[in-house]
Amino acid sequence: MTIQASKPGVRSAIIQFVAGLVLLVAASLVHAQTFNPADKGPVLISDQFNNRVIVVDRETHKVVWTFGDGSDKPGTHSVVGPNDAERFGQFTLISGTGIPPSSPPLPGCNDAVNGCPDNRVFIVDLSGRIIWQYGQAGVTGSDANQLNTPVQAAIVSNFPGHRGFHVIIADQGNQRIILVNLRGNIVWQYGTTGVVGEGPNQLNNPNSAELLENGHILIADEANNRVIEITPDGDIVKTFTIGGTLNGAAFASRLPNHDTLISDAGNNRIVEVNSADQIVWQYVTNNGPYSNPNPQPTRGIRLRNGDTLISDQFNNRVIQVTPAGKIVFQQGKTNVIGNGFNQLNGPYDAKQIGDFTGITPPFDFDHDRDDW
(Lines give C-alpha, C1' and ligand atoms only; values in the text may rest on other atoms or scores of the structure.)
Protein backbone atom coordinates (compact mmCIF):
# COMPACT_ATOMS: atom_id res chain seq x y z
CA MET A 1 0.00 0.00 0.00
CA THR A 2 1.24 3.46 -0.86
CA ILE A 3 0.60 6.12 1.76
CA GLN A 4 0.95 9.75 0.76
CA ALA A 5 2.90 11.12 3.70
CA SER A 6 4.79 14.03 2.21
CA LYS A 7 2.78 16.62 4.08
CA PRO A 8 2.89 17.16 7.85
CA GLY A 9 -0.06 15.64 9.63
CA VAL A 10 -0.95 13.11 6.95
CA ARG A 11 0.06 10.11 9.06
CA SER A 12 -1.96 11.38 12.02
CA ALA A 13 -4.87 11.83 9.64
CA ILE A 14 -4.49 8.18 8.57
CA ILE A 15 -4.60 7.06 12.19
CA GLN A 16 -7.69 9.16 12.83
CA PHE A 17 -9.28 7.81 9.66
CA VAL A 18 -8.74 4.14 10.48
CA ALA A 19 -9.67 4.51 14.15
CA GLY A 20 -12.82 6.48 13.43
CA LEU A 21 -14.08 4.74 10.30
CA VAL A 22 -16.76 2.73 12.06
CA LEU A 23 -18.26 5.81 13.68
CA LEU A 24 -17.93 7.85 10.53
CA VAL A 25 -19.78 5.40 8.36
CA ALA A 26 -22.48 4.80 10.96
CA ALA A 27 -23.01 8.39 12.06
CA SER A 28 -21.31 10.91 9.82
CA LEU A 29 -22.69 9.37 6.66
CA VAL A 30 -26.07 10.61 7.76
CA HIS A 31 -25.40 13.71 9.81
CA ALA A 32 -22.08 15.17 8.66
CA GLN A 33 -23.32 15.77 5.14
CA THR A 34 -25.69 18.53 4.14
CA PHE A 35 -28.36 15.98 3.33
CA ASN A 36 -31.68 17.68 2.75
CA PRO A 37 -34.83 15.69 3.52
CA ALA A 38 -36.45 17.51 0.61
CA ASP A 39 -34.07 15.57 -1.68
CA LYS A 40 -32.00 18.60 -2.64
CA GLY A 41 -28.68 17.48 -1.26
CA PRO A 42 -25.45 18.30 -3.12
CA VAL A 43 -24.31 16.05 -5.94
CA LEU A 44 -20.87 14.41 -6.18
CA ILE A 45 -19.73 14.04 -9.80
CA SER A 46 -16.78 12.25 -11.39
CA ASP A 47 -16.11 14.73 -14.21
CA GLN A 48 -14.00 12.31 -16.17
CA PHE A 49 -12.29 14.28 -18.95
CA ASN A 50 -11.93 17.41 -16.84
CA ASN A 51 -9.75 15.26 -14.54
CA ARG A 52 -11.62 16.23 -11.41
CA VAL A 53 -14.20 15.15 -8.86
CA ILE A 54 -16.61 17.90 -7.86
CA VAL A 55 -19.52 18.59 -5.55
CA VAL A 56 -22.18 20.87 -6.98
CA ASP A 57 -24.96 22.75 -5.23
CA ARG A 58 -28.29 21.82 -6.76
CA GLU A 59 -29.86 25.23 -6.39
CA THR A 60 -27.02 27.37 -7.76
CA HIS A 61 -25.22 24.79 -9.95
CA LYS A 62 -21.98 26.11 -8.47
CA VAL A 63 -19.02 23.86 -7.68
CA VAL A 64 -18.59 23.89 -3.89
CA TRP A 65 -15.78 21.30 -3.56
CA THR A 66 -13.17 19.97 -5.98
CA PHE A 67 -10.42 17.42 -6.03
CA GLY A 68 -8.19 17.45 -9.09
CA ASP A 69 -6.30 20.34 -10.63
CA GLY A 70 -6.97 19.24 -14.22
CA SER A 71 -3.50 17.79 -14.81
CA ASP A 72 -3.19 14.66 -16.93
CA LYS A 73 -0.44 13.41 -14.62
CA PRO A 74 -1.55 11.67 -11.39
CA GLY A 75 -0.26 13.24 -8.20
CA THR A 76 -1.06 14.38 -4.69
CA HIS A 77 -3.45 17.03 -5.99
CA SER A 78 -4.52 15.52 -9.31
CA VAL A 79 -6.57 12.63 -10.61
CA VAL A 80 -6.73 11.44 -14.22
CA GLY A 81 -9.96 10.29 -15.82
CA PRO A 82 -11.90 9.52 -12.62
CA ASN A 83 -14.75 7.10 -13.28
CA ASP A 84 -16.17 6.84 -9.79
CA ALA A 85 -16.37 8.61 -6.43
CA GLU A 86 -18.19 8.02 -3.17
CA ARG A 87 -18.56 10.41 -0.23
CA PHE A 88 -18.71 8.90 3.25
CA GLY A 89 -18.53 11.10 6.29
CA GLN A 90 -15.78 13.66 5.78
CA PHE A 91 -13.97 11.52 3.23
CA THR A 92 -14.21 10.85 -0.51
CA LEU A 93 -13.20 7.58 -2.14
CA ILE A 94 -12.00 8.21 -5.71
CA SER A 95 -11.18 5.84 -8.56
CA GLY A 96 -8.33 7.27 -10.62
CA THR A 97 -9.08 5.30 -13.76
CA GLY A 98 -6.86 7.10 -16.25
CA ILE A 99 -7.45 7.87 -19.94
CA PRO A 100 -6.48 5.34 -22.65
CA PRO A 101 -4.35 6.17 -25.70
CA SER A 102 -6.27 7.47 -28.68
CA SER A 103 -5.51 9.26 -31.92
CA PRO A 104 -6.37 12.05 -31.79
CA PRO A 105 -5.92 12.02 -27.99
CA LEU A 106 -9.06 11.94 -25.88
CA PRO A 107 -9.98 15.07 -23.93
CA GLY A 108 -8.04 15.40 -20.69
CA CYS A 109 -4.95 13.61 -22.04
CA ASN A 110 -2.18 15.01 -24.20
CA ASP A 111 -0.44 11.70 -24.92
CA ALA A 112 -1.95 9.96 -27.94
CA VAL A 113 0.58 7.12 -27.86
CA ASN A 114 0.67 6.06 -24.21
CA GLY A 115 -2.50 7.58 -22.89
CA CYS A 116 -2.56 9.00 -19.37
CA PRO A 117 -2.76 6.22 -16.76
CA ASP A 118 -3.59 6.86 -13.12
CA ASN A 119 -4.31 3.41 -11.66
CA ARG A 120 -5.06 4.44 -8.08
CA VAL A 121 -7.98 4.12 -5.71
CA PHE A 122 -7.57 6.61 -2.90
CA ILE A 123 -9.34 8.42 -0.08
CA VAL A 124 -9.08 12.16 0.44
CA ASP A 125 -10.32 14.32 3.30
CA LEU A 126 -12.20 17.58 2.81
CA SER A 127 -8.94 19.52 2.55
CA GLY A 128 -7.85 17.32 -0.37
CA ARG A 129 -5.16 15.33 1.46
CA ILE A 130 -4.72 11.75 0.29
CA ILE A 131 -4.84 9.66 3.46
CA TRP A 132 -5.15 6.14 2.01
CA GLN A 133 -4.23 4.76 -1.38
CA TYR A 134 -4.05 1.45 -3.23
CA GLY A 135 -2.16 1.42 -6.52
CA GLN A 136 0.78 3.49 -7.69
CA ALA A 137 0.41 6.72 -9.63
CA GLY A 138 0.79 6.05 -13.34
CA VAL A 139 1.95 2.44 -12.86
CA THR A 140 -0.01 -0.27 -14.68
CA GLY A 141 0.26 -3.78 -13.27
CA SER A 142 -1.29 -6.68 -11.38
CA ASP A 143 1.24 -7.31 -8.63
CA ALA A 144 0.84 -6.15 -5.03
CA ASN A 145 -0.25 -2.52 -4.84
CA GLN A 146 -0.84 -2.36 -8.60
CA LEU A 147 -3.98 -1.79 -10.64
CA ASN A 148 -4.92 -1.60 -14.29
CA THR A 149 -7.75 0.83 -15.05
CA PRO A 150 -9.74 0.77 -11.79
CA VAL A 151 -13.18 1.96 -12.84
CA GLN A 152 -15.12 1.75 -9.58
CA ALA A 153 -14.61 1.29 -5.86
CA ALA A 154 -16.78 1.23 -2.76
CA ILE A 155 -16.36 1.00 0.99
CA VAL A 156 -17.94 -2.22 2.27
CA SER A 157 -18.41 -3.54 5.78
CA ASN A 158 -18.54 -7.12 7.01
CA PHE A 159 -17.85 -8.82 3.70
CA PRO A 160 -18.51 -12.53 4.35
CA GLY A 161 -15.48 -14.03 6.05
CA HIS A 162 -13.78 -10.65 6.43
CA ARG A 163 -14.78 -8.52 9.40
CA GLY A 164 -14.49 -4.76 9.39
CA PHE A 165 -14.16 -2.29 6.56
CA HIS A 166 -12.65 -2.99 3.16
CA VAL A 167 -12.57 -1.46 -0.30
CA ILE A 168 -14.01 -3.43 -3.20
CA ILE A 169 -12.46 -2.47 -6.55
CA ALA A 170 -13.43 -3.18 -10.15
CA ASP A 171 -9.91 -3.61 -11.55
CA GLN A 172 -11.08 -3.61 -15.14
CA GLY A 173 -7.86 -4.01 -17.09
CA ASN A 174 -6.87 -6.95 -14.89
CA GLN A 175 -10.29 -8.57 -15.48
CA ARG A 176 -11.04 -8.94 -11.80
CA ILE A 177 -12.94 -7.69 -8.78
CA ILE A 178 -10.75 -7.47 -5.70
CA LEU A 179 -11.37 -6.82 -2.02
CA VAL A 180 -8.59 -4.85 -0.34
CA ASN A 181 -8.24 -4.34 3.39
CA LEU A 182 -7.10 -1.06 4.93
CA ARG A 183 -3.55 -2.44 5.17
CA GLY A 184 -3.47 -2.73 1.39
CA ASN A 185 -3.75 -6.51 1.09
CA ILE A 186 -5.99 -8.31 -1.41
CA VAL A 187 -8.11 -10.69 0.67
CA TRP A 188 -10.66 -11.81 -1.95
CA GLN A 189 -10.84 -11.89 -5.72
CA TYR A 190 -13.26 -12.89 -8.46
CA GLY A 191 -12.00 -13.15 -12.02
CA THR A 192 -8.74 -14.68 -13.18
CA THR A 193 -6.10 -11.96 -13.39
CA GLY A 194 -5.45 -10.97 -17.00
CA VAL A 195 -7.80 -13.60 -18.46
CA VAL A 196 -10.76 -12.48 -20.57
CA GLY A 197 -13.68 -14.89 -20.62
CA GLU A 198 -17.20 -15.76 -19.54
CA GLY A 199 -16.59 -19.10 -17.91
CA PRO A 200 -16.16 -19.88 -14.21
CA ASN A 201 -14.10 -17.20 -12.45
CA GLN A 202 -13.82 -15.17 -15.66
CA LEU A 203 -14.88 -11.64 -16.57
CA ASN A 204 -14.60 -9.32 -19.54
CA ASN A 205 -14.01 -5.67 -18.59
CA PRO A 206 -15.90 -5.67 -15.26
CA ASN A 207 -17.24 -2.17 -14.63
CA SER A 208 -18.70 -2.29 -11.10
CA ALA A 209 -19.21 -4.47 -8.04
CA GLU A 210 -21.60 -4.16 -5.13
CA LEU A 211 -21.90 -6.13 -1.91
CA LEU A 212 -25.53 -7.14 -1.42
CA GLU A 213 -27.43 -7.55 1.83
CA ASN A 214 -27.49 -11.31 1.37
CA GLY A 215 -23.68 -11.39 1.25
CA HIS A 216 -23.55 -11.95 -2.50
CA ILE A 217 -21.71 -9.68 -4.94
CA LEU A 218 -23.41 -8.02 -7.91
CA ILE A 219 -21.03 -7.45 -10.84
CA ALA A 220 -21.57 -5.46 -14.04
CA ASP A 221 -19.59 -7.60 -16.48
CA GLU A 222 -19.52 -4.95 -19.17
CA ALA A 223 -18.12 -6.57 -22.30
CA ASN A 224 -19.87 -9.89 -21.59
CA ASN A 225 -23.14 -7.93 -21.73
CA ARG A 226 -24.36 -9.34 -18.48
CA VAL A 227 -24.83 -8.59 -14.80
CA ILE A 228 -24.06 -11.50 -12.52
CA GLU A 229 -24.78 -12.17 -8.87
CA ILE A 230 -22.19 -14.43 -7.29
CA THR A 231 -21.62 -15.97 -3.88
CA PRO A 232 -18.38 -15.18 -2.04
CA ASP A 233 -17.23 -18.64 -3.15
CA GLY A 234 -17.60 -17.56 -6.79
CA ASP A 235 -20.75 -19.43 -7.77
CA ILE A 236 -23.02 -17.56 -10.19
CA VAL A 237 -26.55 -17.65 -8.80
CA LYS A 238 -28.24 -15.12 -11.10
CA THR A 239 -27.56 -13.59 -14.48
CA PHE A 240 -29.28 -10.54 -15.95
CA THR A 241 -29.12 -9.63 -19.63
CA ILE A 242 -32.36 -7.62 -19.98
CA GLY A 243 -33.81 -10.49 -21.95
CA GLY A 244 -30.70 -10.80 -24.09
CA THR A 245 -30.67 -7.14 -25.17
CA LEU A 246 -28.04 -5.75 -22.76
CA ASN A 247 -25.22 -4.00 -24.60
CA GLY A 248 -22.41 -2.78 -22.36
CA ALA A 249 -23.24 -3.30 -18.68
CA ALA A 250 -21.78 -0.11 -17.24
CA PHE A 251 -23.23 -0.36 -13.73
CA ALA A 252 -25.70 -2.36 -11.67
CA SER A 253 -27.23 -2.03 -8.23
CA ARG A 254 -29.83 -3.92 -6.23
CA LEU A 255 -32.82 -1.83 -5.22
CA PRO A 256 -34.80 -2.01 -1.96
CA ASN A 257 -37.69 -3.64 -3.85
CA HIS A 258 -35.22 -6.39 -4.92
CA ASP A 259 -35.24 -5.33 -8.56
CA THR A 260 -31.92 -4.62 -10.27
CA LEU A 261 -31.07 -1.27 -11.87
CA ILE A 262 -28.72 -1.58 -14.86
CA SER A 263 -26.89 1.05 -16.89
CA ASP A 264 -27.26 -0.30 -20.43
CA ALA A 265 -24.73 2.10 -21.98
CA GLY A 266 -24.67 0.67 -25.48
CA ASN A 267 -28.45 1.04 -25.76
CA ASN A 268 -28.41 4.54 -24.22
CA ARG A 269 -30.76 3.65 -21.40
CA ILE A 270 -31.11 2.92 -17.71
CA VAL A 271 -33.22 -0.18 -17.09
CA GLU A 272 -34.86 -1.68 -14.01
CA VAL A 273 -35.49 -5.42 -14.26
CA ASN A 274 -37.24 -7.78 -11.90
CA SER A 275 -35.90 -11.13 -10.68
CA ALA A 276 -37.11 -12.74 -13.92
CA ASP A 277 -34.96 -10.30 -15.97
CA GLN A 278 -38.06 -8.50 -17.26
CA ILE A 279 -38.12 -4.74 -17.80
CA VAL A 280 -40.29 -2.91 -15.30
CA TRP A 281 -38.93 0.61 -15.95
CA GLN A 282 -36.52 2.30 -18.30
CA TYR A 283 -35.31 5.73 -19.33
CA VAL A 284 -33.65 6.39 -22.68
CA THR A 285 -31.27 9.35 -22.65
CA ASN A 286 -30.86 10.17 -26.36
CA ASN A 287 -34.43 11.17 -27.22
CA GLY A 288 -34.36 14.80 -26.11
CA PRO A 289 -33.45 17.93 -28.04
CA TYR A 290 -29.72 18.55 -28.78
CA SER A 291 -28.84 15.04 -27.57
CA ASN A 292 -25.77 13.20 -28.75
CA PRO A 293 -27.16 10.24 -30.73
CA ASN A 294 -25.02 7.86 -28.66
CA PRO A 295 -24.47 9.35 -25.18
CA GLN A 296 -23.77 5.98 -23.48
CA PRO A 297 -25.07 6.69 -19.95
CA THR A 298 -22.72 5.08 -17.44
CA ARG A 299 -24.50 5.36 -14.09
CA GLY A 300 -28.09 5.09 -12.98
CA ILE A 301 -28.55 5.61 -9.24
CA ARG A 302 -31.98 5.19 -7.64
CA LEU A 303 -32.62 7.87 -5.03
CA ARG A 304 -34.66 7.40 -1.89
CA ASN A 305 -37.51 9.49 -3.29
CA GLY A 306 -37.86 7.12 -6.26
CA ASP A 307 -36.16 9.35 -8.82
CA THR A 308 -33.11 8.17 -10.74
CA LEU A 309 -29.85 10.13 -10.99
CA ILE A 310 -28.17 9.45 -14.34
CA SER A 311 -24.64 10.16 -15.54
CA ASP A 312 -25.38 10.77 -19.22
CA GLN A 313 -21.73 10.58 -20.20
CA PHE A 314 -21.42 11.89 -23.75
CA ASN A 315 -24.33 14.26 -23.35
CA ASN A 316 -21.98 15.89 -20.81
CA ARG A 317 -24.69 16.14 -18.20
CA VAL A 318 -26.06 14.62 -15.02
CA ILE A 319 -29.84 14.43 -14.86
CA GLN A 320 -32.41 13.42 -12.29
CA VAL A 321 -35.59 11.91 -13.69
CA THR A 322 -38.85 11.00 -12.01
CA PRO A 323 -40.46 7.57 -12.44
CA ALA A 324 -42.60 9.22 -15.14
CA GLY A 325 -39.44 10.29 -17.00
CA LYS A 326 -39.54 14.01 -16.24
CA ILE A 327 -36.17 15.73 -15.79
CA VAL A 328 -36.26 17.64 -12.49
CA PHE A 329 -32.54 18.45 -12.21
CA GLN A 330 -29.71 18.82 -14.69
CA GLN A 331 -26.05 19.69 -14.21
CA GLY A 332 -24.20 20.38 -17.43
CA LYS A 333 -25.54 21.66 -20.74
CA THR A 334 -26.79 18.92 -23.02
CA ASN A 335 -24.08 17.75 -25.42
CA VAL A 336 -21.83 20.74 -24.61
CA ILE A 337 -18.26 20.08 -23.48
CA GLY A 338 -16.73 22.48 -20.99
CA ASN A 339 -15.29 23.12 -17.54
CA GLY A 340 -16.89 26.47 -16.81
CA PHE A 341 -20.07 27.28 -14.95
CA ASN A 342 -22.60 24.44 -15.23
CA GLN A 343 -20.40 22.54 -17.68
CA LEU A 344 -19.01 19.00 -17.62
CA ASN A 345 -16.89 16.78 -19.84
CA GLY A 346 -17.85 13.13 -19.94
CA PRO A 347 -19.29 12.77 -16.41
CA TYR A 348 -19.01 9.08 -15.59
CA ASP A 349 -20.56 8.90 -12.14
CA ALA A 350 -22.85 10.97 -9.93
CA LYS A 351 -24.29 10.37 -6.49
CA GLN A 352 -26.37 12.54 -4.22
CA ILE A 353 -24.45 13.02 -1.00
CA GLY A 354 -26.30 11.45 1.90
CA ASP A 355 -28.42 9.24 -0.36
CA PHE A 356 -26.68 5.94 -1.02
CA THR A 357 -29.67 3.65 -1.59
CA GLY A 358 -28.62 0.80 -3.84
CA ILE A 359 -24.89 1.48 -3.51
CA THR A 360 -23.11 0.33 -0.34
CA PRO A 361 -23.82 -0.72 3.25
CA PRO A 362 -25.29 0.30 5.64
CA PHE A 363 -28.47 -0.51 3.78
CA ASP A 364 -31.88 1.12 3.99
CA PHE A 365 -30.97 3.45 6.83
CA ASP A 366 -33.46 6.02 8.05
CA HIS A 367 -32.21 9.59 7.77
CA ASP A 368 -34.63 10.67 10.50
CA ARG A 369 -33.17 8.42 13.16
CA ASP A 370 -31.15 9.96 15.98
CA ASP A 371 -29.30 6.85 17.13
CA TRP A 372 -26.71 6.52 14.37
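Select phenylalanine 159 and tryptophan 188 to begin: both residues are buried. Keep in mind throughout that you are looking at a predicted model.

**Stop 1: an aromatic pair**

With those two side chains shown, you will see their rings forming a tilted aromatic pair, 5.1 Å from centre to centre and with 55° between the planes. Now colour the strands they come from. Phenylalanine 159 belongs to strand β8 (residues 150–159) and tryptophan 188 to strand β11 (residues 186–190), so the pair ties together parts that are 29 residues apart in sequence. The structure holds 3 aromatic pairs.

**Stop 2: arginines over tryptophans**

Next, pick tryptophan 65 and look over the face of its ring. Arginine 87 lies there, at 4.8 Å from the ring centre. Then move to tryptophan 281, where arginine 302 lies over the face of the ring, at 5.2 Å from its centre.

**Stop 3: strand β21 and its partners**

Arginine 302 is a handy stepping stone, as strand β20 covers residues 299–302. Select β21 next, residues 308–312. Is this strand enclosed or open? Of its 5 residues, 5 are buried, so β21 is largely enclosed by the rest of the structure. Turn on the side chains to see the two directions: Thr308, Ile310 and Asp312 point one way, while Leu309 and Ser311 point the other way. This fits a general pattern: in a regular strand, side chains alternate between the two faces of the sheet.

Now add the strands that pair with β21. On the β20 side, 4 bridges join the two strands, which run antiparallel; to find one of the partners, look for glycine 300 with isoleucine 310. The hairpin of β20 and β21 has 5 residues between the strands, and glycine 306 takes a positive phi near 95° there.

Strand β22 (residues 317–321) is also antiparallel to β21, joined to it by 5 bridges. Here you can pick out leucine 309, whose bridge partner in β22 is glutamine 320. This hairpin has 4 residues between its strands, and asparagine 316 has a positive phi near 55°.

**Stop 4: threonine 260**

Jump to strand β17 (residues 260–264) and select threonine 260. This threonine is buried, with a relative accessible area of 1%. Which side chain joins threonine 260 in a polar contact? Show arginine 254: the contact between the two side chains is 2.9 Å. Beyond the neighbours within four places in sequence, the residues in contact with threonine 260 include Leu218, Phe240, Val271 and Val273.

**Stop 5: an open sheet**

Now display β4, β5, β6 and β7 together. These 4 strands form an open sheet in the order β4-β5-β6-β7, with antiparallel pairing. At the edges are β4 (84–88) and β7 (130–134), each pairing on one side only. Neighbouring strands of this sheet are turned by 20° against each other on average, direction ignored. Zoom in on β5 (residues 91–99) and β6 (residues 116–125), which are joined by 8 bridges. One of the partnerships to label is threonine 92 with valine 124 in β6.

**Stop 6: phenylalanine 49**

Finish in the loop between β1 (43–47) and β2 (52–56), where you will find phenylalanine 49. Although it lies in a loop, phenylalanine 49 is buried, with a relative accessible area of 9%. Show what surrounds it: leaving out residues up to four places away in sequence, phenylalanine 49 touches Ile99, Leu106, Pro107, Gly108, Phe314, Asn345 and Gly346. For a last distance label, choose the C-alpha atoms of phenylalanine 49 and leucine 344: they are separated by 8.3 Å, while the residues are 295 apart along the chain.

How values were computed
Residues numbered from 1 in each chain as written. Predicted model: local features only at pLDDT ≥ 70, side-chain atom pairs only at ≥ 80, totals over all residues. Heavy atoms only, no water. Phe/Tyr/Trp six-rings, centres within 6.5 Å; stacked < 30°, edge-to-face > 60°. Buried < 20%, exposed > 50% of the residue type's maximum accessible area, 1.4 Å probe, protein only. Lys NZ or Arg CZ within 6 Å of the ring centre and 35° of its normal. Pairing = 2+ DSSP bridges. Polar contact = N/O pair within 3.5 Å; in protein donor to acceptor, adjacent residues only side chain to side chain. Contact = heavy atoms within 4.5 Å. Axes fitted to C-alpha atoms, helices over the stretch in contact; angles between N-to-C directions.
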